[in-house]
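Q: I'd like to learn how to read pockets and ligand contacts in a protein model. Can we go through one together?

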Amino acid sequence: MSFEIKKIGVVGSGQMGNGIAHVCAKAGYVVHMLDSNPDAAKAGLEKIDRNMEREVARGIFEPAAKAEALARITAGTDYQAFADCQLVIEAATEDETIKKAILTELVAVIAEDALIASNTSSISITRLGAHTDRPGKFVGMHFMNPVPRMELVEIIRGIATDEDTYSIIKELAIKLGKSPVSAEDFPAFIVNRILLPMINEAVYTLYEGVGSVISIDTAMKLGTHHPMGPLELADFIGLDTCLAVMHVLHDGLADTKYRPCPLLVKYVEAGWLGRKSGRGFYDYSGDSPVPTR
Ligand code: NAD
């Protein structure tokens, strides 16, 4: 295989996009990160700087290497900067309409042989790939949050994904220091197929008054040795993303066991999206998170 990746594009500079840009630049790739919101692009770059600085403080990144990695990343709003990328990883909001609009803009500017990966948590890779001019060069590359710290990358083949595309992305995941696992293209793949119904059930447990936020999170941390309680984890993932994944499971598998909890719907309608908006099942405005129920 003579295909060599040198420059990687990332669409979306939110918590996942900036994490993906971080690990790619750290592994030596040139990176361009795009966001439709110029403030988000700038904030993403600043977040990478802060997160890399933390790695320097922990002694796992040399200061000089950090400066070089940071210098390999550019950020902005212009798709033309993807013209010389061999791979673009889409990591924008979990919404099929938004992702399809991005793919339309992307295929108009990238090289004919460039690969596209999506970091979607749940949406069909086959359907997203079919929306491009290159379903064979389209693949799911699902990183975990926070990207610099989590070891796993799920690699998802759409029905049309070429074997070469799959192998190149698997090799890339290893070069980024991650452990790849292969998942078939079913709603929410492996991790979120299992994790999100558990989180949704935790929200039902809260909704029905079985326990308070603290009781539920403490019970699951001490009772099952989960490092974070399910409600704390939901806030960390983003409640909008959690709801979007439940909708994909409910629609895609047509089973009422995936019905999103009405309380989760209400929180998202209120704009209470978790950590990223300052409030979810906890209020993050003070020094330490305070449960809201
Ligand atoms: P986020 O809300 O932190 O960031 C999304 C970013 O996408 C925002 O900066 C937004 O401005 C940008 N965006 C929206 N529309 C856009 C457009 N048309 N063009 C370019 N940028 C656009 O969300 P996130 O948590 O980073 O999630 C991003 C993707 O990663 C989603 O597909 C999500 O399902 C997936 N994912 C999330 C997690 C998680 O734990 N949060 C884990 C794995 C995968």
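A: Sure, let's start with a bit of vocabulary. When we sort residues by class, Ala, Val, Leu, Ile, Met, Phe, Trp, Tyr, Cys and Pro count as nonpolar, Asp, Glu, Lys and Arg as charged, and the others, Gly among them, as polar. Keep in mind too that this is a predicted model.

Q: Into which classes do the residues lining the second largest pocket divide?
A: That lining has 7 nonpolar, 9 polar and 7 charged residues. The pocket itself has a volume of about 640 Å³. Of its 23 lining residues, Lys47, Asn51, Arg54, Pro146 and Phe236 are the closest to its centre.

Q: Which helix gives the most to that lining?
A: That would be α2, with 7 residues. Both α1 and α2 (38-57) supply at least two residues each.

Q: Where does the second largest pocket lie?
A: Look at who contributes. Domain 1 (7-183) and domain 2 (191-291) both give residues to its lining, so the second largest pocket lies between them.

Q: How does anyone find a pocket to begin with?
A: Here's the general idea: you roll a probe the size of a water molecule over the atoms, and that shows where empty space is left.

Q: What volume does the largest pocket have?
A: About 1100 Å³. It is lined by 48 residues, and the closest to its centre are Gln15, Met16, Asn145, Ile237 and Thr241. By class, you'll find 24 nonpolar, 17 polar and 7 charged residues in this lining.

Q: Which elements supply at least two residues each to the lining of the largest pocket?
A: They are α1 (15-26), α4 (96-109), β6 (138-143), α7 (191-207), α9 (230-237) and α10 (239-253). The top contributor is α7, which gives 5 residues. Since domain 1 and domain 2 both give residues to the lining, the largest pocket lies between them as well.

Q: Now the ligand. Which residues come nearest to it?
A: Start with the neighbours, then look for polar atom pairs. There are 25 residues around the ligand, and Asp35, Glu94, Lys99, Ser121 and Ile237 come nearest. As for polar pairs, a ligand oxygen sits 3.1 Å from a polar backbone atom of Gln15. A nitrogen of the ligand is 3.3 Å from a polar backbone atom of Ser36, and an oxygen is 3.5 Å from one in Thr93.

Q: How much of the ligand's accessible area does the protein cover?
A: On its own, the ligand has 840 Å² of accessible area, and the protein covers 86% of that.

Q: What should I look for in the backbone?
A: Check the angles. Asn145 and Pro146 are joined by a cis peptide bond, with omega about -5°. Pro146 is in the loop between β6 and β7 (152-157). Then there's Ala188, with a positive phi near 70° even though the residue isn't glycine. You'll find Ala188 in the loop between β8 (179-183) and α7.

Definitions and conventions. Residues are numbered from 1 along each chain as its sequence is written. This is a predicted model: local features need pLDDT of at least 70, side-chain atom pairs count only at pLDDT 80 or more; totals for chains, interfaces and linings use all residues. Side-chain values use heavy atoms; hydrogens and water are left out. On a 1 Å grid over the protein atoms alone, a cavity is a set of points where a 1.4 Å probe fits but cannot get out, and a pocket is an open set with protein on both sides within 12 Å along at least five of seven lines; lining residues have an atom within 4 Å of a point. Grid points are joined across faces, edges and corners, and a volume is the space filled by probe spheres set on the points. Helices (H or I, at least four residues) and strands (E, at least two) are DSSP runs, numbered from the N terminus. Domain bounds come from an automatic or database domain assignment. A residue is near a molecule or strand if one of its heavy atoms lies within 4 Å of it. A polar contact is a pair of N or O atoms within 3.5 Å; within protein, one must be able to donate a hydrogen and the other to accept it, and residues adjacent in sequence count only if both atoms are side-chain atoms. Accessible areas come from the Shrake-Rupley method with a 1.4 Å probe; for residues, only the protein chains shown count as cover.
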